[in-house]
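User: Could you take a close look at one part of this model for me, the helix with the most to say about its charged pairs and its cysteines? I'd like one connected walk through it.

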Amino acid sequence: MAGSLGGMFSGQPPGPPPPPPGLPGQPSLLQAAPGAPRPSNSTLVDELESSFEACFASLVSQDYVNGTDQEEIRTGVDQCIQKFLDIARQTECFFLQKRLQLSVQKPDQVIKEDVSELRSELQRKDALVQKHLTKLRHWQQVLEDINVQHKKPAEMPQGSLAYLEQASANIPAPLKQT
């Protein structure tokens, strides 16, 4: 109700505020979304940043450290986190709307991005396959070396301890992971 009376007293026509610059009817990151309780010079990104700082401050605040009422502390922290999550959802919604607009206006750009992402994913997976193949070859060689030693029992020194020492001496150290 206060919003409808505000238009009457300020000389503006009653109704919703005009859309911010950019696409019609869409909030921008440079101005607050219509109907949102934000100062006129604040942006959605600024609000996200300040709400994150408030969450962090509430967790390390001396008032909470020295406070004795745990329920009050929990409520204050929960409120800060909830505000941060709400603004994060608004930010996500903004970017999803922009992504949807881009997909409608320039579908070829979206396809190019998807192809690029798929290529980078293939490169990453190829590198992973090569890494596993290298490890596999190493362990195949280790097993082959052990099998060769088992086929030459006459050359081995007598006794089980000597056999284990001989077998472990021929096993190479595992490769270090990078």
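Analyst: What follows is a tour of helix α4, with a short detour to α5.

First, some housekeeping: this is a predicted model, so local features need pLDDT of at least 70 and side-chain atom pairs count only at pLDDT 80 or more, while totals for chains, interfaces and linings use all residues. Numbering starts from 1 along each chain as its sequence is written, and side-chain values use heavy atoms, with hydrogens and water left out.

Helix α4 covers residues 70-105, which makes 36 residues. Helices here are DSSP runs of H or I with at least four residues (strands are E, at least two), numbered from the N terminus. From first C-alpha to last, α4 reaches 52 Å, close to the expected 52 Å; that expected span is 1.5 Å times one less than the number of residues.

On the inside, α4 has Ile73, Gly76, Val77, Ile87, Thr91, Phe94 and Gln101 buried. Buried means under 20% relative accessible area, exposed means over 50%, and partly exposed is in between, with a 1.4 Å probe and protein chains only.

Now the charges. Side chains of opposite charge can pair when their charged atoms come close. In α4, Glu71 and Arg74 make a salt bridge, with their closest N and O atoms 4.0 Å apart. The rule is a Lys or Arg side-chain nitrogen within 4 Å of an Asp or Glu carboxyl oxygen. These two sit three residues apart, so about one helical turn separates them. Arg74 is exposed at 52% relative accessible area. Further along, Asp86 pairs with Arg89 at 3.0 Å, N to O, again three residues apart in α4 and about one turn. Here Asp86 is partly exposed at 34%, as is Arg89 at 46%.

The whole structure has five salt bridges. For the detour, α5 (residues 107-150) holds Glu121 and Lys125, four residues apart, about one turn; they meet at 3.6 Å, N to O, and belong to a network with Arg124.

Back to the cysteines: there are zero disulfides, a disulfide being two cysteine sulfur atoms within 2.5 Å. The sulfur of Cys80 has its closest cysteine sulfur in Cys55, and because that is 5.4 Å away, it's too far for a bond. Cys93, meanwhile, is partly exposed at 38% relative accessibility.
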